Structures are given as C-alpha cells and as structure tokens.
Amino acid sequence: MKFKFYYVIFCFVTYASVAQEIPANTKQMGYELKESDDVLNDTIQLEEIVVSKEKLDPEAKKQFLILQNRVYRTYPYAKLASERLTALNKGMERLSSDKEKKKYFKIVEKYLNDEFEAKLKKLSRSQGRILVKLIHRQTGVTTFNLVKTLKSGWKAFWSNTAASMFDINLKSEYAPFVSNEDFLIETILARAFESGRLQNQPPANPVDMEKLNDYWETNKKNNTLQSLTK
C-alpha cells in the first residue's frame, strides 16, 4: 500500500534522471541531528513556531532541523515532478490518437517501476506528506488532481484513500500564509536557495518572502497580545 501511494505521486513523471540527494548538514542552530532522530520523531506534529530574530528554544530548534531535513530530502523530487510534468504534457500534445497516448503512458509507467520504486519506498510517512505539499508548490496542482487528470477520478479517489492510511492527504495544498509549517518550509527553501544547498526552481505561484515574514510577525504579535488580555 505504501508503494502505491508513492507510485501515484510520480505517475506523471517521464524520461527523468534520478533525483540527486545532497547529504544534509545535520549541525546547525546548535543542535546535532542524530541518525535516529528522523525515525524516532517521524510522526511528531510541529507546534506553531514563528521563525524570527528571536532565538528558538532547544526543542523548537530540534523540530525545525527535522523539518529542514525532510524538505532537503523531498524537494528534489518535487522539482523533478514539475519538470517532467511539463515534458509529459508536451509529449502528449504531439500524439494525435488515444491509442498512441495510452502506449506512451505505458512506457512512462514501466520507467517508473524500474527507476523510482526503490527510492520512493525509502521515504517516510512525514517525508511523503511534505512531498505532497511541495509538488503543489511547484506545479500549482494537487497530487490528487494530477492523478485524476492523467489517470481517472476513480484512480485518484482510491489513491487518496490509500494515502490517508498513512496520514497523507493527496489533496493537500501548499499555503504558507495559512499554515505555519508551510511558512517554515518556505523559509527553509529560501535559505537553501541562497546558500546553494538546493537548486531554485520558481514555484507555480511565487511567494513574496518580505510579505510572508511580515504576516507571521504580525500574527505572532497579535497572538501575544490576545494571550495577555485573557
């Protein structure tokens, strides 16, 4: 069941090279992320953390580093998905008959089985959840709708049902102005692009980091004032 979830994520990928994984820097912000942390803390829910000029407490630092590690691991796949979705659409446009398109898609499916199965099966549940968000960030379309468009609504429904067994919703959207976790992801990506840790690929809907930071700073101040007046 777990493989089926990761398989449908990349059912629209075509003629791709294997995504390169750059070893994560586990020593940042004063905490060393141990190899076991990603497993032991795999299902933790991040509390609301606003990254600002203020120093984070040790537990918040640890949670941030765990999220950072997941983003580093999954972003290359989301970037690849966006690139290959474009290539797939162009390839389909060149085909005139449904028979040709079906044959073309079969080639894509075989490629996925040969190249991506082992790598995607190694992703954890939490990494898969972040990957779904990043695919929406890069393509502007939810994984559910990508599967629905390229396969069928029935396939998309069952794919989402299977994923939900692992607490993953293929309909998840990337919303950095709504979700604090998504804001943290965007912050991690911005820093990684600036440092060269990850290769920047413009998202489907560009994010103004200045406005995003101002929004969460204001949100934090409002929450603080509300808590003081209670």
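How many salt bridges does a search of the whole structure find? The search finds six. Hi everyone, and thanks for coming. Please keep in mind that we are looking at a predicted model today. I'll take you through some of those salt bridges, and then we'll turn to a patch on the surface.

Let's begin inside a single helix. Lysine 79 and glutamate 83 form a salt bridge, and their closest N and O atoms sit 2.6 Å apart. Both residues belong to helix α3, which covers residues 58-93. They are four residues apart, about one turn of that helix. Is lysine 79 buried or exposed? Lysine 79 is buried, because its relative accessible area is 14% and the cut-off for buried is under 20%. Its partner, glutamate 83, has a relative accessible area of 30%, so we call glutamate 83 partly exposed.

Now for a pair that reaches across the chain. Aspartate 182 and lysine 133 meet through their side chains in a salt bridge, at 2.6 Å from N to O. This pair links distant parts of the chain, with the two positions 49 residues apart in numbering. Aspartate 182 is in helix α9, residues 180-195, while lysine 133 is in helix α6, residues 125-139. What about their surroundings? Aspartate 182 counts as buried because its relative accessibility is 1%. Lysine 133 counts as buried too, at 10% relative accessibility.

Next, have a look at glutamate 186 and arginine 137. Their side chains also meet in a salt bridge, here at 2.9 Å from N to O. Once again the pair links distant parts of the chain: glutamate 186 is in helix α9 and arginine 137 is in helix α6, 49 residues apart. Glutamate 186 and arginine 137 are both buried.

There is a network to point out as well. Which residues are joined into one network by salt bridges that share partners? They are Arg129, Lys133, Glu181 and Asp182. You will recognise Lys133 and Asp182 from the pair with the 2.6 Å contact.

Let's leave the charges and finish on the surface. Trp154, Phe157 and Trp158 make a nonpolar surface patch of about 400 Å². If you want to find it on the screen, start from tryptophan 154, which is in helix α8, residues 153-164. Tryptophan 154 counts as exposed, because its relative accessibility is 59% and exposed means over 50%.

That's my tour, and I'm happy to take questions.

How values were computed: Residues numbered from 1 in each chain as written. Predicted model: local features only at pLDDT ≥ 70, side-chain atom pairs only at ≥ 80, totals over all residues. Heavy atoms only, no water. Salt bridge = Lys/Arg side-chain N within 4 Å of Asp/Glu carboxyl O. Buried < 20%, exposed > 50% of the residue type's maximum accessible area, 1.4 Å probe, protein only. Patch = residues over 30% accessible without salt bridge, like charges linked within 9 Å, V, L, I, M, F, W, Y side chains within 5 Å. Areas by Shrake-Rupley, 256 points an atom, 1.4 Å probe, with all protein chains shown as cover.
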